[in-house]
Amino acid sequence: MSSKDKSLGRSLNLNTIQSLVDVHQMILKKRTGGLYHLADLLHMSSTTLQRRLDALRGLGAEITFDKNLNTYQYENNFEMSFKVSYDW
């Protein structure tokens, strides 16, 4: 059960896709806090979170961190969708 994403150059498992969606939703809410806080909220390491942020950037997200608001935010109207296919 994986989805091939050409911009990431590899297949993504469903757990990775879910974690990307989780990070995306937190950014949309503009309530992330800093890297370590967000990683703690999402129950992942800061290294894994950084990989997810990099993956979102690879998908076209322009992500910045606003120090005044203490949150990650999108500088563009980023949306994402995944197509999952099964081979039987």
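These are my notebook entries on a predicted model of one chain.

**Entry 1. Overall layout**

I began with the secondary structure. The chain has three helices and four strands. I read the order from the N terminus as β-β-α-α-α-β-β. Next I looked up burial for the whole chain. It has 88 residues, and 34% of them count as buried. I then checked how far apart in sequence the contacting residues are. Taking contacts between residues at least 6 apart in sequence, I find that 47% join residues at least 24 apart. The accessible surface of the chain is about 6,000 Å². Carbon and sulfur atoms hold 46% of that surface.

**Entry 2. Strands 3 and 4**

I turned to the hairpin of strand 3 and strand 4. Strand 3 covers residues 63-66, and strand 4 covers residues 71-74. How do the two pair, parallel or antiparallel? They pair in the antiparallel sense, over four bridges. I noted two facing positions. Ile63 stands opposite Tyr74, and Phe65 stands opposite Tyr72.

Between the strands of this hairpin lie four residues. I looked up the backbone there and found Asn70 with a positive phi near 55°.

Then I asked which residues of strand 4 are buried on each side. In a regular strand the side chains alternate between the two faces of the sheet. On one side I find Thr71 and Gln73, both buried. On the other side I find Tyr72 and Tyr74, also buried. Both faces of strand 4 are therefore covered.

**Entry 3. Gln73**

I picked Gln73 for a separate look. This residue lies in strand 4. Its relative accessibility is 12%, so it counts as buried. What does Gln73 touch, leaving aside neighbours within four places in sequence? I listed Ile27, Lys30, Glu62, Ile63, Thr64 and Asp66. I also checked Gln73 against Met26. The two are 47 residues apart in sequence, yet their C-alpha atoms are 9.1 Å apart in space.

**Entry 4. Aromatic pairs**

I searched the whole structure for aromatic pairs and got two. The rings of Phe65 and Tyr72 have centres 5.0 Å apart and planes at 65°. That angle is over 60 degrees, so this pair is edge-to-face. Phe65 and Tyr72 are also the residues that stand opposite each other in the hairpin. Are the two partners buried or exposed? Phe65 is partly exposed, at a relative accessible area of 34%. Tyr72 has 10% relative accessibility and counts as buried.

The rings of Tyr74 and Phe78 form the other pair, with centres 5.3 Å apart. Their planes stand at 40°, so I logged this pair as tilted. Both Tyr74 and Phe78 are buried.

**Entry 5. Salt bridge**

How many salt bridges does a search of the whole structure find? I got one. It joins the side chains of Arg57 and Asp54, at 3.4 Å from N to O. I placed both residues in helix 3, which runs over residues 46-58. They are three residues apart, so about one helical turn separates them. I looked up exposure for each partner. Arg57 is partly exposed, with a relative accessible area of 33%. Asp54 is partly exposed too, with 42%.

**Entry 6. Helix 1 and a nonpolar patch**

Last, I looked at helix 1, residues 14-29. I checked two of its residues, Leu14 and Ser19.

Leu14 has 34% relative accessibility and counts as partly exposed. I found Leu14 in a nonpolar surface patch of about 450 Å². Which residues make this patch? They are Leu14, Tyr86 and Trp88.

Ser19 reads 10% relative accessibility, so I put it down as buried. Its contacts, not counting residues up to four places away in sequence, are Met44 and Arg52. Arg52 belongs to the residue range of helix 3.

Terms used:
Residues numbered from 1 in each chain as written. Predicted model: local features only at pLDDT ≥ 70, side-chain atom pairs only at ≥ 80, totals over all residues. Heavy atoms only, no water. Phe/Tyr/Trp six-rings, centres within 6.5 Å; stacked < 30°, edge-to-face > 60°. Buried < 20%, exposed > 50% of the residue type's maximum accessible area, 1.4 Å probe, protein only. Contact = heavy atoms within 4.5 Å. Areas by Shrake-Rupley, 256 points an atom, 1.4 Å probe, with all protein chains shown as cover. Patch = residues over 30% accessible without salt bridge, like charges linked within 9 Å, V, L, I, M, F, W, Y side chains within 5 Å. Salt bridge = Lys/Arg side-chain N within 4 Å of Asp/Glu carboxyl O. Pairing = 2+ DSSP bridges.
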